[in-house]
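Thank you all for coming; before I begin, please bring the sequence and the structure up in front of you. I will go through a few places one after another, and I will try to say plainly what is found at each.

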Amino acid sequence: MTKMMATMRWVFPGKCDRNLSPEPGISWTWDCSFHKAAKGFALKTQHLPTLNSRPNFIPLNGNASKRKGANVACPNTSLSSTLDLLDAYEDEYDGLVIDPNCLPSSANAFVAILRSSLSYWKLKGKKGIWLRILAEQADLVPIAIKEGFTYHHAEPGYVVLTCWLPEETCTLPANATHQVGIGGFVMNEKREVLVVKERQCPCRCSGVWKLPTGFINKSEELFCGAVREVKEETGIDTAFMEVIAFRHAHLVAFEKSDLFFICTLRPLSLDINIDESEIQDAKWMPLNEFLAQPFYQEDDMCKKAIDLCIARYENHYSGLIAHQLMSKFDGKLSYLYYNDFKVI
């Protein structure tokens, strides 16, 4: 086994054409038995859960040596040779994430380089291949499907496809399975509950005065979503108190599961200003009048959730409070919701 320092020029039949130079003091190790080059230090890359948060898969500023690339030269390959492989980087699961910014615009060029890349990666023992195709590259989707890729998920601006190379059961994670909703129970000092009538709602809820509810936005904390939804629908400023309970239901919208969190919030203002595009009306309603609605008398789950919220205001129940903590799992600060009650 020999070691060598080299500056390589890799040319791919796409948009990328750049010099890749090993960083000072870092060697490239040529493994003659496996015909591959690997950097002499460990790199941590992210898998699917953070794929959307990394729009620039491979830096286009010549600093690609900071990530472990999938294009590698073997000892009998001239450094001036053209490697007909798609530009990609390795994930932590022996898979690859293809750089969408370097896909050929030509269909013929794409199918040729895709086939050669998949063949090469399969020989190298790679497993799951992730391919993000941007909206302006949509003509490439049928080609990828024909070459063995399947749909994984789509977002505004792109679609993500996957291809499982080994002759074994696919272990790639499925697309997101849940949507997350939030409901805010707000009661003032007069024991009046902040309620709304939605402009559009299912017939079974028509005319019902209900709590402000909505969906959590992408990368939004539960408590932030609760405060935001109440503000958007009623104009009332609030402070998050606790998560009181949550409901888990299945086969809801587009056969997805649904997590719905009920939270208590403390009002910081009293003047209502509704969002007329969504809300027909809003008001402070006496608690007894709110509970007397037939809808709540006949719905066991809703009645139980409201009872728990009332118990919290009367200090007979304690919900979950958001605590920000550091985790070694991802090295980031995030929120853990738990009860502050101390067990003796």
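Let me start at Thr238, which, if we leave aside its neighbours within four places in sequence, is in contact with Val186, Val227, Val230, Leu265, Arg266, Pro267 and Leu268. I should say straight away that what you are looking at is a predicted model, so please keep that in mind throughout. Thr238 itself is found in strand β14, and is it buried or exposed? Its relative accessibility is 8%, and because buried means under 20%, Thr238 counts as buried.

From there, let us turn to the nonpolar cores. The largest of them has 23 residues, and the ones with the most contacts inside it are Trp121, Ile129, Leu131, Ile133 and Phe149. Which elements supply this core with at least two residues each? They are β7, which covers 96-98, then α1, covering 107-123, together with β8, α2 and β10, the last of these covering 158-164. It is α1 that gives the most to this core, with six residues.

If you would like to follow one member of that core by eye, take Ile133, which, again without its neighbours within four places in sequence, is in contact with Leu103, Ala138, Leu140, Val141, Ala144, Gly157, Tyr158, Val159 and Leu161. Apart from this core lies another, of 19 residues, and among them you will find Trp209, Ile262, Leu287 and Tyr296.

Now to the loops, beginning with Asp139, which is found between β8, at 128-134, and α2, at 141-146. Asp139 is exposed, with a relative accessible area of 67%, and although 33 residues separate Asp139 from Ser106 in sequence, the two are 9.3 Å apart in space, taken from C-alpha to C-alpha.

Two further loop residues deserve a careful look at their backbone angles. Arg191, in the loop between β11 (178-186) and β12 (192-198), has a positive phi of about 60°, although it is not a glycine. With a relative accessibility of 38%, Arg191 counts as partly exposed.

Glu255, for its part, sits in the loop between β14 (238-249) and β15 (257-267), and its phi is near 65°, which is a positive value in a residue other than glycine. How accessible is Glu255, then, and what does it count as? Its relative accessibility is 66%, and since exposed means over 50%, Glu255 counts as exposed.

Technical notes. Residues are numbered from 1 along each chain as its sequence is written. This is a predicted model: local features need pLDDT of at least 70, side-chain atom pairs count only at pLDDT 80 or more; totals for chains, interfaces and linings use all residues. Side-chain values use heavy atoms; hydrogens and water are left out. Helices (H or I, at least four residues) and strands (E, at least two) are DSSP runs, numbered from the N terminus. Buried means under 20% relative accessible area, exposed over 50%, partly exposed in between (1.4 Å probe, protein chains only). Contact means heavy atoms within 4.5 Å. A nonpolar core is a set of buried Ala, Val, Leu, Ile, Met, Phe, Trp, Tyr and Cys residues joined through side-chain atoms within 4.5 Å.
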